[in-house]
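I opened this one to look at strand pairing first and the chain contact second. My notes follow in the order I took them.

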2 protein chains.
Amino acid sequence: MQAAGDAEREIARIEALGGRYLALGQGLYPRALAELDDAPPLLTVKGDTRLLDKPLVAIVGARNASAAACRFARQLAYDLGQHGAVVVSGLARGIDSAAHDGSLETGTIGVVAGGLDIFYPAENEARQKAMFERGLVIAEMPPGTEPRARHFPYRNRIIVGLTGGTVVVEAAPKSGSLITARLAAEAGREVMAVPGSPLDPRAQGCNQLIRQGATLVQNAHDVLEAVRPMQPRLASPHSPYEPGEPQWMDGDDGALGIVKELLGASPVPVDEIIRLSGAPSGAVQMALLELDLAGRLDRHAGGKVSIRPA
Amino acid sequence: MQAAGDAEREIARIEALGGRYLALGQGLYPRALAELDDAPPLLTVKGDTRLLDKPLVAIVGARNASAAACRFARQLAYDLGQHGAVVVSGLARGIDSAAHDGSLETGTIGVVAGGLDIFYPAENEARQKAMFERGLVIAEMPPGTEPRARHFPYRNRIIVGLTGGTVVVEAAPKSGSLITARLAAEAGREVMAVPGSPLDPRAQGCNQLIRQGATLVQNAHDVLEAVRPMQPRLASPHSPYEPGEPQWMDGDDGALGIVKELLGASPVPVDEIIRLSGAPSGAVQMALLELDLAGRLDRHAGGKVSIRPA
């Protein structure tokens with residue numbers, strides 16, 4: 001139990017940082033995360049909360065990953081961003097950092113194990129500050145909390161809970177990334193892994209995951225194909241959509257039919273499509289993504305899109 | 001149609017070579033191969049036909065495979081041999097040759113696309129001759145036939161048909177090895193593939209196979225685990241076993257119960273277990289393999305085995 005004075009000091013600290021609270025079941029709190037049995041009751045966040053409305057994909061992996069795997073993770077995150085997905089990771093060394101770097105321009109969310117104002121590892125201070133400004137950082141622990149070993153599994157469940165699927169890039173057997181993969185599977189989210197040669201010890205964890213049923217992914221296309229069926233669950237709580245309204249959930253179509261009707265040969269802003277459709281922004285983004293994968297969408301400067309004839 | 005004189009000359013040529021014929025539905029003709037809709041009516045073979053009674057696993061892959069992949073294939077073949085499996089491949093350059101080399105001491109079967117007496121590629125003459133003496137070479141085409149492109153798919157269906165499963169090691173997209181994998185799947189045999197990094201173009205074919213449902217394998221243990229359920233189909237036509245006798249086919253147990261009873265703490269020759277069990281040698285080998293995987297079998301010099309208490 002915290003004393004009232006502690007709580008007040010904590011709130012003041014978050015406000016001073018420019019952060020805010022998201023409470024389970026209220027306002028901006030991400031619906032997909034709320035589905036977890038052990039959803040965190042309170043999150044502190046700093047950055048662009050609109051990112052929570054987009055299709056979210058997690059990329060995780062080894063802190064001591066090979067340079068090739070880090071390059072791969074950065075490129076994968078970049079490519080996912082180019083297709084409208086936002087990348088979620090844990091702001092750790094190695095794969096996490098590479099994934100954030102690759103998606104900083106298009107949308108990246110970092111979930112830290114300690115407090116929002118703690119930079120861990122210290123070398124990530126500049127990265128985390130950049131994400132305060134241009135991405136989003138999320139913490140469950142109160143400000144000032146130094147991360148401890150026991151915090152990491154809790155942090156990992158948030159990464160998993162936010163997203164439709166988790167991609168594991170290079171992970172040692174029995175590593176934290178494999179625990180994250182297990183949490184994703186338990187939460188009913190897609191588990192994806194990047195394979196490697198059996199001669200490469202760093203590929204053992206991912207190869208094992210694939211043997212256990214994870215989807216082998218080689219590029220952003222494979223990832224998007226895998227998470228597509230999961231994304232309706234990531235519908236935004238911002239929208240007028242309420243559970244029980246069947247139109248977005250019936251069949252696999254989601255908002256696709258309406259979005260197709262709203263699109264034409266002239267580029268229009270995605271925001272306008274979302275507004276006109278009345279659909280959750282996540283559902284609209286998924287519909288756009290689907291058209292993109294089908295080769296029917298053109299993306300233009302200024303966030304505008306147009307459709308090609310079938 | 002061949003003239004009678006041609007047939008006689010051909011038979012004389014096989015005899016001079018020290019080879020023999022296996023006819024579909026007769027004698028030593030491998031039962032698993034006979035299950036194919038397009039099983040070859042006549043095979044010519046030279047070497048140790050007893051190898052056909054053992055659990056057979058195919059290893060195939062690129063002719064221009066990397067040195068690392070060839071080393072991997074050789075080691076995999078060696079390890080499979082150490083566990084009682086016989087390795088089948090196509091006597092081509094690259095992965096095929098490595099697989100034969102790794103299993104020459106324990107049992108290797110080469111299926112050639114041309115005639116039994118044709119060495120293709122020429123550099124494989126010594127290897128093929130060694131397999132005449134210490135392994136087994138199989139050909140569908142008459143002696144003297146130079147292999148042509150159209151012969152290779154026919155050859156590949158024999159590799160697939162003989163075995164409970166096919167392992168693909170490094171294959172380019174649209175390569176012959178992937179056609180072999182498709183043939184294996186169509187024949188209801190296990191398809192296995194060795195993964196690689198998405199950054200390695202030579203891994204694309206195998207990774208694609210895994211995405212399509214092939215089992216990811218990293219070592220002999222993975223291979224044996226995958227083919228185990230298929231091996232009852234490889235029961236030998238030598239044995240007193242006849243289709244319709246239920247005892248070897250009921251459940252997953254195969255000959256395991258009887259083999260367990262016959263084994264003790266003192267090493268006994270495998271041949272004796274086969275004789276005493278009255279079971280097909282393939283079924284006995286599979287039961288031994290299962291005990292081996294369970295860590296309950298000790299293998300001794302002279303082909304003897306003993307069981308450890310559970």
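**Entry 1: a sheet in chain A.** I started at A:Pro269, and its bridge partner in β12(A) is A:Lys304. A reminder to myself before going on: this is a predicted model. I then checked the strands around that pair, and β10(A) joins β12 (residues 304–307) of chain A through two bridges, in the antiparallel sense. Stepping back, I get an open sheet of three strands in chain A, ordered β10-β12-β11 with antiparallel pairing. I noted the edges too: β10 (268–269) and β11 (297–300) of chain A each have a single partner strand, so one side of each has no neighbour in the sheet.

**Entry 2: the sheet in chain B.** I went over to chain B and looked up the strand order there. Its three strands also make an open sheet, β10-β12-β11, with antiparallel pairing. Here β10 and β11 of chain B are the edge strands with one partner strand each, so each has one side left without a neighbour in the sheet.

Next I went through the pairs. β10 (residues 268–269) of chain B runs antiparallel to β12 (residues 304–307) of chain B, and two bridges join them. I found B:Val268 opposite B:Val305 in β12(B), and B:Pro269 opposite B:Lys304. On to β11 (residues 297–300) of chain B, which pairs with β12(B) over four bridges, again antiparallel. In that pairing I located B:Leu297, whose bridge partner in β12(B) is B:Ile307.

What links β11(B) to β12(B)? They form a hairpin with three residues between them. I checked the turn as well, where B:Gly302 has a positive phi of about 75°.

**Entry 3: the contact between the chains.** How many residues does each chain put into the contact? I get 19 residues from chain A and 19 residues from chain B. The buried area between chain A and chain B comes to about 1500 Å², with carbon and sulfur atoms giving 58% of it. On the chain A side, A:Pro198, A:Arg211 and A:Gln218 lose the most area to chain B, together 42% of what that side buries.

I then looked for charged and polar pairs. There are four salt bridges between chain A and chain B. One that I wrote down is A:Arg211 with B:Glu225, where the closest N and O atoms are 2.9 Å apart. I also count eight residue pairs in polar contact between the two chains, both residues being at pLDDT 80 or more.

Which elements supply the chain A side? Those giving two or more residues are α3 (67–82), α8 (204–211), β9 (215–216) and α9 (220–227) of chain A. The largest share, five residues, comes from α8(A). Sorted by type, the chain A side has nine nonpolar, seven polar and three charged residues.

**Entry 4: how the copies are related.** I superposed the chains last. Chain A can be laid on chain B with an RMSD of 0.1 Å, by a turn of 179° and a shift of 0.0 Å along the axis. The two copies are thus related as by a two-fold rotation axis. I asked which C-alpha of chain A lies nearest the axis. It is that of A:Gly196, at 2.1 Å. My last check was on the surfaces: 100% of the contact residues of chain A recur in chain B, and the same surface serves both copies.

Definitions and conventions: Residues are numbered from 1 along each chain as its sequence is written. Chains are lettered from A and ligands numbered from 1 in the order in which they are written. This is a predicted model: local features need pLDDT of at least 70, side-chain atom pairs count only at pLDDT 80 or more; totals for chains, interfaces and linings use all residues. Side-chain values use heavy atoms; hydrogens and water are left out. Contact means heavy atoms within 4.5 Å. Buried area is the accessible area (1.4 Å probe) that two parts lose on being put together, summed over both. A salt bridge is a side-chain nitrogen of Lys or Arg within 4 Å of a carboxyl oxygen of Asp or Glu. A polar contact is a pair of N or O atoms within 3.5 Å; within protein, one must be able to donate a hydrogen and the other to accept it, and residues adjacent in sequence count only if both atoms are side-chain atoms. Ala, Val, Leu, Ile, Met, Phe, Trp, Tyr, Cys and Pro count as nonpolar, Asp, Glu, Lys and Arg as charged, and the others, Gly among them, as polar. Copies are superposed by least squares on the C-alpha atoms of residues with pLDDT of at least 70 in both. Two strands pair if DSSP finds at least two bridges between them.
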